[in-house]
Amino acid sequence: MRIAYFDCFSGISGDMTLAALVSAGWPAAEVEALPARLKLPGVTVHVGEARRGPFVATRVEVRVEGKQPHRHLHHVNAILEAADLPAAARARATAAFRRLAEAEAEVHGSTVEKVHFHEVGAADALVDVAGAMTGLEALGIEAVYASPPRLGRGFVMSEHGRIPVPAPATTLLLRGAPVEIGDVEAELTTPTGAALLATLVSSWAPPPPFQLERIGTGAGGRDLSEQPNVLRVLLGRAEGAAPGMSRRRVPRLLEAGALDAMVVPTLMKKGRPGVWLVVIAATDQAPALARMLLAETSSLGVRVREDERYELERRAAEVETPFGRVVLKVATLPDGGSRAIPEFESVRAAAERAGRPLREVSEAAMDAWRRGDGKRP
């Protein structure tokens, strides 16, 4: 399994990520072609070198002619949908912008549909996010790990005026992740960089032992006096399958059309550790999902079989809890009764907003249902 380890001792941004991937072997011509693949007129990408402290690092600059519009999420999604990108890279870029939209909406007390992206919806962010996902795909990376990102401190100017560092959206995106503030008076980790980590890093545990093959060094826009302003990316191959790979693979399969997916740790022949990956999908989706697994994992074959399924009739209901609104699935039992189960993503969103454990939110939702508070969404 090929892995990437992001060494974020000086933070992370979108342009630093692109530069590090180029330094690690992704052809510069592929990065320079991104504006055309995204159909962004008046946008160019320049790849060069820059010295940051003792490092000579790769530097990527996205140059934009004219003023960019304030895009909503549906504008960004439309650009990504029409872009010439690998399906998996498009799905991950879409997921990253969704996370950005959710963070911006929470900061401004708005909704995902109404929030303006401002800086993170500009052409450079589109190039950064789509490029990072495409570059990792091109380099064959199956799992991403990272050190605790250093955030920085102080203030920066934004579309909303002077805001503190780390930016509010950055803190929300990295909620639950280990971070460092540090003593540098600068924005080291940007919202775009935070969104990339939040989307790509499925486990903040140290990476498994791996054979180091390539090292990429990407330069940030400023030359800091306190430390080298670079992002290092270490690429290599780990034996077996890591836990982080499992958690990352399932969402990607669901985004690609699977109805469900599960991963079971197992021992393969010769005692090697591995995972048993089971994907449930409609018959017409099976060939595409099988091709995706063959292209993106180390497996040499995928077994396909057809099963029958008996299922209960169900409907959605909502309950109000002390942590906000939670959606439940309500199934009709054969004896005419019903059974409610909190919907996981809804519970997780409420738990993250309130900063409370998943179990506490789930129990509050069930208590509200038992009181008869449920209603159709």
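In this predicted model, strand β12, which spans residues 324-332, pairs with β13 in the antiparallel sense over five bridges. Val330 stands opposite Ala340, a residue of β13. Helix α12, residues 358-370, packs on the sheet and touches β11, β12 and β13, while helix α11, residues 344-354, lies across β12 and β13. The directions of the two helices relative to individual strands are set out below.

| Helix | Residues | Reference strand | Angle |
|---|---|---|---|
| α11 | 344-354 | β12 | about 160° |
| α12 | 358-370 | β11 | about 105° |

The sheet itself is open and is formed by three strands in the order β11-β12-β13, with antiparallel pairing. Because β11 (314-321) and β13 (338-342) stand at the edges and each has a single partner strand, one side of each is left without a neighbour in the sheet. Neighbouring strands of this sheet are turned against each other by 35° on average, when direction is ignored.

Turning to the nonpolar interior, the largest nonpolar core contains 63 residues, of which Phe6, Val31, Leu38, Leu80 and Phe97 touch the most other members. Helix α6, which covers residues 123-138, gives the most to this core, contributing nine residues. A second core, separate from that one, comprises 15 residues, and among them are Ala317, Phe323, Ala340 and Ala368. Ala340 thus appears in two of these descriptions, as the residue opposite Val330 and as a member of the second core.

Technical notes
Residues are numbered from 1 along each chain as its sequence is written. This is a predicted model: local features need pLDDT of at least 70, side-chain atom pairs count only at pLDDT 80 or more; totals for chains, interfaces and linings use all residues. Side-chain values use heavy atoms; hydrogens and water are left out. Two strands pair if DSSP finds at least two bridges between them. Helices (H or I, at least four residues) and strands (E, at least two) are DSSP runs, numbered from the N terminus. Axes are lines fitted to C-alpha atoms, for helices over the stretch in contact, and angles run from 0 to 180 degrees between N-to-C directions. Contact means heavy atoms within 4.5 Å. A nonpolar core is a set of buried Ala, Val, Leu, Ile, Met, Phe, Trp, Tyr and Cys residues joined through side-chain atoms within 4.5 Å. Buried means under 20% relative accessible area, exposed over 50%, partly exposed in between (1.4 Å probe, protein chains only).
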